Structure formats: C-alpha cells, structure tokens
Amino acid sequence: MLKLWKSIGFGVVETSDDAKYGNGAQDSLVVLPASPAPPLMLNEAASKLWRKGVDSPVFEEDLNADESKMISEFVDMGIASAGQTETALRISKPVMTSIEHELVYALIAKLCVQNSIEYVFVKGPIQYDYGLRDRKHSADVDVWIDPNRIQEFLTVMEPWGWSADSERWLHSKFNHSVTLNASTWGCQIDVHRYFPGSTKSPTDAFDAVIGWRDAVHYAGAEALVLSKPAAAVLYALHGLRPESRHKKKTMDYSDAAVALGIGGSETVRFSKEFACTDVLFDALTDAFPDEPVDRTNRLPEDWKWRSESSWVRAYFMILKSLKPREWFGFLKDVVRAPAPVGSSGANGVSGFKRIIYRVSPQWTKAKIALSRCLNRRR
C-alpha cells in the first residue's frame with residue numbers, strides 16, 4: 001500500500017510580506033499545530049513542502065530523502081498526518097494587523113467545533129469590517145460561549161496554555177465575562193457568558209444571538225461572527241451601558257443611532273429578539289423613525305446596578321439579587337480567590353475584593369482592641 005500524508009493544522013497565515021515573521025522570505029508560513037503547541041514559523045523550504053499537502057494528499061514515493069525526513073518532523077510537530085485527514089484550511093494573507101490575534105481566533109473556532117460548543121465572536125475585527133469602529137481589532141479576543149458550556153470551554157483551553165484570571169464571578173449574576181491569559185500568546189481572551197443590555201436570561205440571550213451569525217475566515221479557519229445587525233446592536237449597547245462607578249462617559253445617543261443605522265433594516269428586528277429595545281429606544285427611534293419599536297419599561301438588572309454611582313451600592317444591589325443558596329458560594333469565592341494581576345483598582349485589586357481589603361484591617365484592629373480591653377478587666 002502506498003503511504004501518503006496530508007498537511008494539518010488549526011490555522012495558517014501567509015507571512016511573506018510581514019516584517020516580524022516573513023523576513024523577506026517567499027511563501028513563508030506560520031502554522032498553528034492541531035495539537036497543543038505554540039504557532040510554528042516555517043522557513044521557505046518547509047513552507048513549500050507543507051503547501052503541497054493542503055489541497056490533496058502527497059505520496060511518499062514522490063518525495064526525496066530530505067523531504068521525507070521533513071515530513072516526519074511535521075508529523076511530530078502536529079502539522080502533518082498520514083492518510084486522508086480533513087483540515088478545512090485555506091492559506092491566505094493575514095486579515096488582522098496581529099498574526100497572534102488571528103491565530104487565537106482560529107484556535108477558538110477549531111476547538112469549539114471539535115467539542116461541539118456553540119460560540120460567536122463579538123467586537124473586534126468584524127466591527128471594523130462593518131464600519132462601526134476605526135481600530136482594526138481589540139487588544140484582546142472577545143468570544144461569546146454557550147453559557148451552559150463555559151467551564152467546559154475553559155478546560156478545553158487549558159492544554160493550550162490559557163487559564164482564567166479568577167473564576168470568582170463565573171457563576172454569579174455579576175460579571176458578564178471571564179478573562180483568560182497565556183504568557184506566550186501576546187493577548188487575552190474575554191469569554192462572555194452574556195452581554196449587558198438584554199432583559200433575557202444568559203441562555204435565552206445566547207440562543208437569540210446565534211441565529212444572527214455569519215461565517216468568515218481567520219488564519220485559514222472558518223469562524224462565526226455577528227451579522228451586521230447584531231454587531232451594530234451590541235456595539236451600541238457596549239457604548240451606552242452605564243459606567244458611573246468608573247466615572248466613564250457613555251456614548252451619545254446620536255452616535256448610537258448612527259451605529260444602529262449601519263446595521264441596516266434588520267437591526268430593529270434583532271433588537272426585539274434580543275430584548276434590548278428599552279435601553280436602545282431613543283437611538284432606535286432616531287435611526288429608524290418609520291419602524292415600530294416596543295417599549296416594555298423593563299430595564300436589565302445589570303443596567304440598574306451599573307447606574308449606581310459607587311461600588312458599595314452597586315455590589316449591595318448585586319448581592320441582594322442573589323438567591324439564598326447562591327450567597328455562601330459567592331462570598332466564599334470572592335474572599336478566597338486571588339485578585340487578578342493587572343485588574344482595575346488600587347494595587348491591582350478589583351471592586352468587591354478591594355472593599356473587603358479596606359474593611360478587614362479595621363475589623364482586625366477592632367478585634368485586637370476588644371481583646372485587650374477584656375483582658376484588662378480580668
């Protein structure tokens with residue numbers, strides 16, 4: 001039987017014109033292996049050989065001794081496989097300014113498909129493509145994962161070097177995302193469990209949004225992104241959401257109306273399905289004056305606490321909304337979990353943890369003082 005091999009990988013980018021990776025070499029490639037490993041930069045000879053096996057299998061009898069040896073190395077590195085392996089990759093030049101970011105998109109897309117996890121990329125390069133933003137992509141990668149599969153997704157990402165900053169908010173109503181870090185990838189991943197602004201539950205909101213996805217290609221891999229109407233709505237929601245605690249100014253309604261207009265005629269329909277017409281009412285009626293827009297006089301819970309002017313009031317509102325069985329686990333996770341490196345607040349400590357740190361020294365001093373007082377009375 002004739003032995004054959006085929007090129008495999010989770011992502012591939014043509015880097016000939018890239019100053020960082022290409023080094024002027026023709027046909028050079030960066031390939032993301034199909035097994036946990038960092039991206040591999042192939043030289044010109046290796047790139048040409050790897051290209052041969054992308055579209056169709058290559059028979060070993062057609063290779064010389066040097067090429068056969070190189071193929072064995074490809075197999076060991078996870079970028080080639082014996083037999084008719086399906087790769088569904090296409091080689092193209094990068095569409096993002098950062099090749100690392102583009103490969104992260106491809107990695108997430110491939111792992112989600114491999115593990116049957118529903119997902120959609122939000123924010124980032126698709127907003128630039130639609131004309132919603134000037135920057136080509138964000139500093140991080142934003143992906144919305146089926147909220148019932150978040151923990152499974154985190155586990156799938158671990159072998160590739162990604163780990164969560166802190167999981168203290170993962171199952172609470174507070175945080176809408178958890179951040180993944182990896183020292184070798186040069187960016188972060190924000191894993192969303194819901195998107196602020198909808199009155200639907202996280203699961204129902206996700207079910208609504210996955211019906212509004214389009215397919216694009218990042219690093220040669222198919223990836224699912226928001227359609228233009230959905231992207232416009234989420235862009236406006238992100239800009240309008242209250243951030244009083246951070247003293248941030250929200251987007252003007254006129255700017256939100258412009259963004260919604262870019263989404264086109266289906267924007268109002270998606271807003272209704274996503275249950276966010278109340279918070280977008282003024283902007284929607286401005287952008288689409290002839291379209292009927294519902295107003296239910298219901299605000300999302302996260303919109304209410306985000307409108308509070310102080311962290312104390314905001315967290316009190318969050319805690320008050322928790323069910324009794326959620327209290328113990330929530331407080332235990334908040335107190336025991338380490339503060340994420342580089343998070344907001346003094347000394348890199350985030351909101352609720354910062355409040356605890358401020359209170360605990362005074363509480364400790366009070367206990368010591370009380371103990372001394374009782375000892376003197378004995």
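This report covers the overall make-up of a predicted protein model and one of its sheets.

## Overall make-up

The protein has 378 residues, and 48% of them count as buried. Its secondary structure consists of 14 helices and 13 strands.

Contacts with a separation of 6 or more were also sorted by distance along the chain. Residues 24 or more positions apart supply 63% of these contacts in the protein.

## Surface

About 18,900 Å² of the protein is exposed. Carbon and sulfur atoms supply 52% of that area.

## A three-stranded sheet

Strands S2, S3 and S4 form an open sheet. Their order is S2-S3-S4, and the pairing is antiparallel. Strand S2 (11-14) lies at one edge and strand S4 (40-42) at the other. Each of these edge strands pairs on one side only. From one strand to the next, the twist averages 20°.

In general, strands of a sheet pair through backbone hydrogen bonds, in either a parallel or an antiparallel sense.

## The S2-S3 pairing

S2 pairs with strand S3 (residues 29-32) over 4 bridges. The sense of this pairing is antiparallel. Valine 12 has valine 31, in S3, as its bridge partner.

## The helix across the sheet strands

Helix H3 spans residues 99-114. This helix lies across S2 and S3. H3 runs at about 150° to S2. S2 is thus an edge strand of the open sheet, is paired with S3 over 4 bridges, and has H3 lying across it.

Technical notes: Residues are numbered from 1 along each chain as its sequence is written. This is a predicted model: local features need pLDDT of at least 70, side-chain atom pairs count only at pLDDT 80 or more; totals for chains, interfaces and linings use all residues. Side-chain values use heavy atoms; hydrogens and water are left out. Helices (H or I, at least four residues) and strands (E, at least two) are DSSP runs, numbered from the N terminus. Buried means under 20% relative accessible area, exposed over 50%, partly exposed in between (1.4 Å probe, protein chains only). Contact means heavy atoms within 4.5 Å. Accessible areas come from the Shrake-Rupley method with a 1.4 Å probe; for residues, only the protein chains shown count as cover. Two strands pair if DSSP finds at least two bridges between them. Axes are lines fitted to C-alpha atoms, for helices over the stretch in contact, and angles run from 0 to 180 degrees between N-to-C directions.
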